[in-house]
Amino acid sequence: MPAVTVSDITTLARIPEPAPSAAERGVRSVTEAPTGFEGEGFPVRRAFAGVSHTDLDPFIHLDQMGEVEYAPGEPKGTAWHPHRGFETVTYIIDGTFEHADSHGGGGTITDGDTQWMTAGGGILHIERPPEALVASGGLFHGLQLWVNLPRALKLAPPRYQDLRAAESALLSTPDGGVLLRVIAGEVAGHAGPGATHTPMAMVHATISPGAQLRLPWRRDFNALVYVLSGAGSVGAERRPVRTGQLAVFGPGDVVTVAGAEHQDARHPALDVVVLGGAPIREPIAWGGPFVMNTRAEVLAAFEDFQAGRFGQIPAERVPHGDLGELPTQPA
Ligand code: MN
């Protein structure tokens with residue numbers, strides 16, 4: 001169950017019913033996220049696996065981290081590692097994660113908080129559960145999204161935004177059947193706190209059994225719905241979806257998602273994240289932790305990293321772990 005809920009959903013602002021003339025977005029594909037392991041071995045689902053860059057643009061990569069119930073001593077994070085050419089958005093639904101980077105950014109995010117890191121021209125960072133959570137174990141569930149940067153901003157100065165759960169805009173549907181948390185961008189005039197280089201929106205929706213979300217969505221944005229947990233359907237055609245599946249929508253004004261009448265006891269509602277942004281439409285050259293426009297730029301990033309041009313690990317952070325092997329997988 002997501003940490004951010006409301007006791008009385010009827011007190012929230014409601015999104016309007018779409019106009020009769022609004023065009024329903026059709027469902028282009030539904031794919032299944034394979035399971036893998038990230039960093040020191042925490043379980044992830046690779047939400048975008050098998051989907052073309054063109055359909056994902058401006059997004060590059062999405063990992064669902066957990067949901068996992070750690071035993072004491074078990075929680076895991078990443079070693080220090082570099083990034084260049086994009087932004088990472090880490091949204092913690094349940095549990096706690098710590099972040100530190102070579103640009104002075106960092107902090108602890110927990111239960112509905114989001115951190116937005118613009119790697120831009122280059123950064124070193126580490127992402128880990130805090131010591132207390134390692135000792136105690138406990139529930140951990142979150143998302144990490146990679147948002148591409150256009151050529152003109154690939155080498156922008158790094159930036160760190162710490163977005164607290166209380167800053168998200170909380171909204172409901174006209175019948176109160178859906179809780180919407182706007183983390184970035186805008187829904188029906190209600191803006192979330194995230195500031196993005198690339199115009200985009202990110203919404204976490206909890207859809208009650210049998211309820212329907214008809215979400216107004218900018219026509220110039222793509223539209224992706226990833227199922228965090230539960231069962232339901234997408235589009236006017238009511239195509240079935242369940243935990244770990246990604247739906248890519250075609251063009252239009254409205255994204256429709258419905259919760260199945262029956263949900264399993266552990267996840268009593270359908271939880272989805274809705275993502276959309278303005279496509280960048282540039283070539284993508286992706287090598288490990290670097291996402292550039294050309295292969296030569298990726299090779300230059302590896303050279304700059306090996307030559308120490310990505311900055312220094314802050315001295316007080318070194319006990320957390322030395323700079324490990326250069327990752328070849330997204331981290
Ligand atoms: Mn990283």
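Begin with the whole protein chain in cartoon view, where the secondary structure comes to 3 helices and 27 strands; bear in mind throughout that this is a predicted model. The radius of gyration of the protein chain is 19 Å, close to the 20 Å that the globule rule gives for 331 residues, so the chain is as compact as a globular protein of that length. If you align the view to the principal axes, the C-alpha atoms fill a box of roughly 60 × 45 × 30 Å. Colouring by accessibility will show that buried residues make up 57% of the 331 residues, while the accessible surface comes to about 13,000 Å², with 54% of that area belonging to carbon and sulfur atoms.

Next, select the open sheet of 8 strands, whose order is 1-14-15-18-25-20-23-2 and whose pairing is mixed. Its edge strands are strand 1 (13–14) and strand 2 (27–32), each of which pairs on one side only. Staying with strand 2, you will find that 5 bridges join this strand to strand 23, and that the two run antiparallel. To see the register in this pair, pick threonine 31, which stands opposite leucine 246 in strand 23.

Now show the side chains of the largest nonpolar core, which has 30 residues, and in which Leu180, Ile207, Leu215, Trp217, Val225 and Val272 touch the most other members. Several strands each supply at least two residues of this core, among them strand 14 (169–172), strand 15 (178–184), strand 19 (212–216) and strand 20 (223–229). Strand 18 gives the most to the core, with 4 residues. Centre on leucine 215 and display its surroundings: leaving aside residues up to four places away in sequence, leucine 215 touches Ile15, Leu180, Val187, Asp253, Val254, Val255 and Val274. A second, separate core of 26 residues can be selected after that, and it includes Ala47, Phe59, Leu145 and Val248.

For the last stop, go to histidine 267, which lies in the loop between strand 24 (254–259) and strand 25 (270–277). Is this histidine 267 buried or exposed? Histidine 267 counts as buried because its relative accessibility is 14%, under the 20% cut-off. Once residues up to four places away in sequence are set aside, histidine 267 touches Glu67 and Ser229. Draw a distance between the side chains of histidine 267 and glutamate 67, and you will find the polar contact of 2.8 Å that joins them.

Key. Residues are numbered from 1 along each chain as its sequence is written. This is a predicted model: local features need pLDDT of at least 70, side-chain atom pairs count only at pLDDT 80 or more; totals for chains, interfaces and linings use all residues. Side-chain values use heavy atoms; hydrogens and water are left out. Buried means under 20% relative accessible area, exposed over 50%, partly exposed in between (1.4 Å probe, protein chains only). A polar contact is a pair of N or O atoms within 3.5 Å; within protein, one must be able to donate a hydrogen and the other to accept it, and residues adjacent in sequence count only if both atoms are side-chain atoms. Contact means heavy atoms within 4.5 Å. A nonpolar core is a set of buried Ala, Val, Leu, Ile, Met, Phe, Trp, Tyr and Cys residues joined through side-chain atoms within 4.5 Å. Two strands pair if DSSP finds at least two bridges between them. The radius of gyration is taken over C-alpha atoms; the globule rule is 2.2 Å times the number of residues to the power 0.38. Accessible areas come from the Shrake-Rupley method with a 1.4 Å probe; for residues, only the protein chains shown count as cover.
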